Amino acid sequence: MTGPGMTSPGATPGGIRFDQVSVAYDGNTVLDRLDLTVEPGEVMALLGPSGSGKTTALRAVAGFVRPSSGRVFLGGRDVTDLPPHRRGIGMVVQQYALFPHMRVADNVAFGLKARKAPKSGIPQLVADALELVGMASYAGRYPRELSGGQQQRVAIARALATRPGVLLLDEPLSALDAQLRSGMLTELARLHRELPDVSILYVTHDQVEALTLADRIAVMDRARLQDCGTPQELYRSPRTEFTASFVGNANLLPVTVADGHVDFAGHQLTVSTGDVAAGVSATLCVRPHLVGLGAGPNALTGTVAEVQWRGSTHRLYVDVEGHRVKADLRELRETPAIGAPATLHFATEDAVLLPVGAADE
Amino acid sequence: MSSTGIADKGRTRRVPPIVWALPPVVVLAPAFLYPLALVVRQSFSPDEGGTSLSPYGEVFASQSFRDALSTTVWLAVGSTAGCLVLGFALALVIAFVPFPGGKAVARFIDVFLSFPSFLITLALLFMYGTVGMANGLWTDVTGADSGPFHFLTTPWGVLLAEITFFTPFVMRPLLAAFSGLDTAQLEVASSLGARPARIVRQVILPEALPALAAGGSLVLVMSLNEFGIVLFTGAKDVTTLPMLVYGKAILESDYPAACVVAVVNIAISVGLYSLYRMVSRRVGA
């Protein structure tokens, strides 16, 4: 199934473009002027909390919601007015949505028959798709005879059997337990390597899935695109407070910019202030795992509010002048007592200065 | 403690299940079972006395019985088929095509089930009866002596009335089945390239088959026994088994023959009801 140009009749070439797409229900805007391009062969994760508009965006691509304004393009073709069955996409949803009265092979063959693929070629295409997801030996079973992970593999095979240029994945792993999810993430990454021409739009609220799988992540909140970049960019240099908080659960400290440093609750912290003028209020973003315990540069002194053991790490919550600072530390031999004084520190290069309210722009 | 027994010094004495069946049997026996037994006994009791199968022989040999049986069967099968087709189409629209007032229509289906069968026949009489609104409008507009609508007193009129009355009995289980259908299946099918007709045929219909079978069985049984609709349409040439029972017992005072027809009707109904229960159990209703 690999190789460029291998698309079935009716399938769309890769690439998705949202051009100022808005969706509103009864005057309530659930997607607001989305501008986003997914390149052919790219995995784009739409990441955001519930109600952020990410699923609406996916459904607009699939054709299940009609934009109130803007256009949707698939492979350079304007599909805004096309019904779903003419868009030539593949789709996998959270609860698999396998047809329960059909055997696995019939489920996978469904799209091929619907798109009028030559009958003689269907068995081989079905076998190829099932082989791709490691389910070839389950072709004769009914969905109820499969585990959740196996059902999800069949759902992926069904979506890929038609060899679509665009694959839409709507929270595909959220119904699986943690172990299965981890395994399926590896499988999806492998599938993407084997199908390099397929554009994948992956909707999730799980940052780990997005960071693991996506070439780029589009962060959504309150119906709008907040940020977009590679996982590394978003993690290391978030452009908004929301991104910094949602991706990696960063510490966001309110600071005032001074000459060559920032002031935070009586502490003078040395960070790169860039072009931000002195006297301006800003937000300092520091990842919890980049915060150390004990004296060091940019030390913050406070009292321990909570200690959580997380297996290989401890998370410390330290109250510094009324602000709670999180630190993820390698498992401590001796954990500090709650209420005990504690000093945290971080390196200058590990902090990012964000303009206040950047998320709302 | 067992629900059917009492603890006595560490031992549980079970009450035989037959004991629990006695109270309803005691109530039903004089009101229903005994009269039913009398009907069966009467069917084996010819007017000349004794016990024999001769009433069955005479009834089975009569043309009127054979006509009534065939009329009953074709009306029942026809109205069941009509209800299945119409009920499936209407339930599809109500369940999957959003329109203003859709929920109110779905609730009305429940109310409709409680209507007596003669009511719908009366409504049709008002519309299409010999002196109904349709014929009245026709004569007003054209000045003719009578209107063209006289089908209500034919078998087709009975069929129309039965389909109108029994269709909600198919829709109710269908709507229940559709409400349990994962709409994501329909969306995925659509994304895979399936047009609406294929989705109905290959995704929705297979899922709805048990509900269709349950609703269809129910309608078949009910239409086999329907009396009020046939009577109220005034279709003199339409004689079904229940009408034949009425004619033999009340008009001809031929009780053995009436009881034979009744026993045949009961046998067909019980057989079909057993089928209905079997299907219902499979559906989980």
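**Exercise 1.** Which side chains along strand 19 (residues 341-346) of chain A point to one face and are buried, and which point to the other and are not?

*Solution.* The model is predicted. In a regular strand, side chains alternate between the two faces of the sheet. Following strand 19 of chain A with that in mind, one finds Ala342(A), Leu344(A) and Phe346(A) on one face, where they are buried, while Pro341(A), Thr343(A) and His345(A) point to the other face and are not buried.

**Exercise 2.** Identify the strands that pair with strand 19 of chain A, and give the sense of the pairing.

*Solution.* Strand 15 (residues 291-293) of chain A pairs with strand 19 of chain A in the antiparallel sense over 3 bridges, and here Val291(A) stands opposite Phe346(A). Strand 16 (residues 300-309) of chain A also runs antiparallel to strand 19 of chain A, to which 4 bridges join it; in this pairing Gly302(A) has Ala342(A) as its bridge partner.

**Exercise 3.** Describe how helix 4 (residues 148-161) and helix 5 (residues 178-194) of chain A pack.

*Solution.* Begin with the geometry: the angle is about 25°, and the axes lie 10 Å apart. Angles under 35 degrees count as roughly parallel, and helix 4 of chain A and helix 5 of chain A are therefore roughly parallel to each other. Their crossing is right-handed. Next, take the contact, to which helix 4 of chain A brings Gly148(A), Gly149(A) and Gln152(A), and helix 5 of chain A brings Leu180(A), Gly183(A) and Met184(A). Finally, sorted by character, the residues of this contact comprise 2 nonpolar, 4 polar and no charged.

Terms used
Residues numbered from 1 in each chain as written. Chains lettered and ligands numbered in written order. Predicted model: local features only at pLDDT ≥ 70, side-chain atom pairs only at ≥ 80, totals over all residues. Axes fitted to C-alpha atoms, helices over the stretch in contact; angles between N-to-C directions. Helix = DSSP H or I, 4+ residues; strand = E, 2+ residues; numbered from the N terminus. Parallel < 35°, antiparallel > 145°, perpendicular 65-115°, else oblique. Left-handed = near helix turned anticlockwise from the far one by under 90°. Contact = placed C-beta atoms within 7 Å. Nonpolar A, V, L, I, M, F, W, Y, C, P; charged D, E, K, R; others polar. Buried ≥ 20, exposed ≤ 12 C-beta atoms within 10 Å, placed from the backbone. Pairing = 2+ DSSP bridges.
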